[in-house]
Amino acid sequence: MEENCVFCKIIKGEIPSTTLYSDDDFMIIKDINPQAKIHLVAILKNHIPHIDMLTEKGASILGKIMSKISHLQEKLGISEGYRLIINQGKNANQTVQHIHIHILGGEKLKDF
Ligand code: 5GP
Ligand code: ZN
């Protein structure tokens, strides 16, 4: 856990969030600044800042997140389809240095 990390604070319950799913490895919360009708973030419970610092365990949790999302589509409101995004580093405008997967859906998304 990192003192000044927003997502670590959310995991510790120091910052409130709307949580849709949580287990030992990760949680899925509503993004505070939604970029689509449904915008969630899946946050690893370990503080790993970047993809290039990913451990084997971290990598397996990312896989588990994707599998879990597919099983929770109804509950998350994304059963008509969704987009998963990881912003990595400066050029991708990563603002929180704690690995997370954006989950976008709930409407027809624009192509990119
Ligand atoms: P990034 O830009 O690093 O890929 O994504 C960080 C995301 O975290 C942004 O979409 C931002 O809106 C979200 N975020 C930042 N602070 C908070 C917060 O305190 N609570 C929640 N729920 N989301 C946050
Ligand atoms: Zn953190």
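These exercises work through surface and pocket features of a predicted model. Local features need pLDDT of at least 70, side-chain atom pairs count only at pLDDT 80 or more, and totals for chains, interfaces and linings use all residues. Residues are numbered from 1 along each chain as its sequence is written.

**Exercise 1.** Classify Ile32 by exposure and place it in the fold.

Step 1. Apply the classes: buried is under 20% relative accessible area, exposed over 50%, partly exposed in between (1.4 Å probe, protein chains only).
Step 2. Ile32 has a relative accessible area of 85%, so Ile32 is exposed.
Step 3. Ile32 sits in the loop between E2 and E3. Strands (E, at least two residues) are DSSP runs numbered from the N terminus, as are helices (H or I, at least four).
Step 4. Thr18 lies 14 residues away along the chain, with 9.1 Å between the two C-alpha atoms.

**Exercise 2.** State which class Leu84 falls in, and which strand holds this residue.

Step 1. At 32% relative accessible area, Leu84 is partly exposed.
Step 2. Leu84 belongs to strand E4 (residues 82-85).

**Exercise 3.** Describe the lining of the largest pocket.

Step 1. A pocket is an open set of points on a 1 Å grid over the protein atoms alone, where a 1.4 Å probe fits, with protein on both sides within 12 Å along at least five of seven lines; lining residues have an atom within 4 Å of a point.
Step 2. The volume is about 620 Å³, the space filled by probe spheres set on the points.
Step 3. Of 29 lining residues, Asp31, Asn33, His39, Val41 and His102 are closest to the centre.
Step 4. Helix H1 (6-12) and strands E2 (26-30), E3 (38-44), E4 and E5 (100-105) each supply at least two lining residues.

Conventions. Chains are lettered from A and ligands numbered from 1 in the order in which they are written. Side-chain values use heavy atoms; hydrogens and water are left out. Ala, Val, Leu, Ile, Met, Phe, Trp, Tyr, Cys and Pro count as nonpolar, Asp, Glu, Lys and Arg as charged, and the others, Gly among them, as polar.
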